[in-house]
Amino acid sequence: MQNYDVAIIGAGIIGLTAALALQNTDLRVVVIDSEPADQPLGQDPELRVSAINLASQNIFCNLGAWQGICEQRLQPYQHMQVWEQDSFAKIDFWASDIQQTHLGSIIENQAIRLGLMQQLKQVANVEIAASAKIANISIGQSESFISLENGNHVSSKLVVGADGANSLVRKVANLPLTFWDYDQIAIVATIETEFAHENVARQVFTPDGPLALLPLYEKNLCSIVWSQRVEKAESLLKLDDRAFNHALSAASDTRLGQVKLVSKRASYPLKMRYCRKWVSDRIVLIGDAAHTIHPLAGQGANLGIADAAALAEVLVELQQQNKDIGLAKNLRSFERWRKSEALQMIAVMESFKRLFSGANPVKKLIRDIGLSATNQLSPLKNDIIKQAVGIEGNLPKLANIDTSLDSAS
């Protein structure tokens, strides 16, 4: 039996961030995942990417991982264009308007994991148990017990569920889940564009859902997230590449000229999930295990990264106060803090989705006028983008510039 203070289930971006945020503390940490975490990037871009905002970048910088991420592949963007198809409605966000050099960076998820893993290899109090499938998790009064299929056993004061939307940890703890179906499917792929993307993130709202064109590390490469009603998405997935390219070029109003697929297409259904309880004795949830939102604003990963940093902040405080880090009552402050942030984001995403759904002429006119008016109101527009990029709001201390876990505690 191997004994730890914290066992993090899931070695994705969120789990690895939580582990790294506990570096150089008195807490003994293990990260358990059924897959290897440090598979190298291939020559072609990964299909799953994240729009990492400035708050998340600050967290990675303060944890010593940002340089390692930059050594992989990423593309900062300074400008964001949002518009509605067949409409005069548009809004533009510029980094210079909020005195920043960029609004965020588009990074392949595996590139982020590799940068985090590179830093974790230098951390003495964190171990990685990769390619280790969980056979059973049982919750005791003073510790949890994890049995692995390879015959190893782990005990910990706290189990952190960072194991995604279909979280095993959430199921073991029987934590109640609220969810609804967005009735959309997201199609993801890599495309080559006729015109250079010029470090601009673009999003167009169509009657069937939003299309995001996210700039990648080469000037004519973009990652797409095309969220469409189920029936429309299924018909798009059935098209051959040539017909799909034509449909995609039309949906994007040819802002980047003619486009063509340079990867396979992948898809996944879109669902909102919100766990009504994030903590119980010996269990806490973060990231997609606790909440999933619509990808139209690219905030899912950033919410989870902030969860991880906030949890580490609270755990260190509890440890320094000689309090049991595994008791639910001691984790309530974390739960209230991050549930509030997640609920706010869920509400905003649902409002945007409902606002831009359908082609009713009256509704379309109202949103067109509203979006165009907002584009002219610099204070309001700047407040929106400051929240989105993470330079305002109730953020973990690690999200601030020039901070550290020690100073945060």
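Here is a walk through one helix pair, a set of salt bridges and two single residues in this predicted model. Since the model is predicted, local features need pLDDT of at least 70 and side-chain atom pairs count only at pLDDT 80 or more, while totals for chains, interfaces and linings use all residues. Residues are numbered from 1 along each chain as its sequence is written, and side-chain values use heavy atoms, with hydrogens and water left out.

Let's start with two helices, α2 (residues 54-62) and α8 (residues 300-320). Helices here are DSSP runs of H or I with at least four residues, strands are runs of E with at least two, and both are numbered from the N terminus. The axes of α2 and α8 lie 9 Å apart and make an angle of about 40 degrees. Those axes are lines fitted to C-alpha atoms, for helices over the stretch in contact, and the angles run from 0 to 180 degrees between N-to-C directions. The pair α2 and α8 is therefore oblique; under 35 degrees counts as roughly parallel, over 145 as roughly antiparallel, 65 to 115 as roughly perpendicular and the rest as oblique. The crossing of α2 past α8 is left-handed, that is, the near helix is turned anticlockwise from the far one by less than a right angle (clockwise would be right-handed). On the α2 side, the contact (heavy atoms within 4.5 Å) uses Ser56, Ile59 and Phe60, and α8 brings Asn302, Ile305, Ala306 and Ala309. Sorted by type, that makes five nonpolar residues, two polar and no charged. Nonpolar covers Ala, Val, Leu, Ile, Met, Phe, Trp, Tyr, Cys and Pro; charged covers Asp, Glu, Lys and Arg; the others, Gly among them, are polar.

On to the salt bridges: the whole structure has 13 of them, each a side-chain nitrogen of Lys or Arg within 4 Å of a carboxyl oxygen of Asp or Glu. One of them joins aspartate 5 and lysine 157, at 3.4 Å from N to O. Aspartate 5 sits in strand β1 (residues 2-9) and lysine 157 in strand β11 (residues 153-161), so this bridge ties together parts 152 residues apart in sequence. Aspartate 5 is buried at 3% relative accessible area, whereas lysine 157 is partly exposed at 33%. Those words mean under 20% for buried, over 50% for exposed and in between for partly exposed, with a 1.4 Å probe and protein chains only.

Next, aspartate 208 pairs with arginine 229, their closest N and O atoms 2.5 Å apart. Aspartate 208 is buried at 16% and arginine 229 partly exposed at 37%. This pair doesn't stand alone: Asp208, Arg229, Glu231 and Lys232 are linked in a network of salt bridges. A further bridge, 2.6 Å from N to O, brings together arginine 282 and aspartate 324. Here arginine 282 is buried at 2%, and aspartate 324 is partly exposed at 28%.

Two single residues round off the tour. Glutamine 203 lies in strand β13 and is buried, with 11% relative accessibility. Beyond its neighbours within four places in sequence, glutamine 203 touches Gln81, Val82, Trp83, Pro210, Leu211, Ala212 and Leu296. Proline 361, in helix α10 (residues 361-376), is exposed at 62%. From proline 361 to serine 249 is 24 Å, C-alpha to C-alpha, with their positions 112 residues apart in sequence counted as separation.
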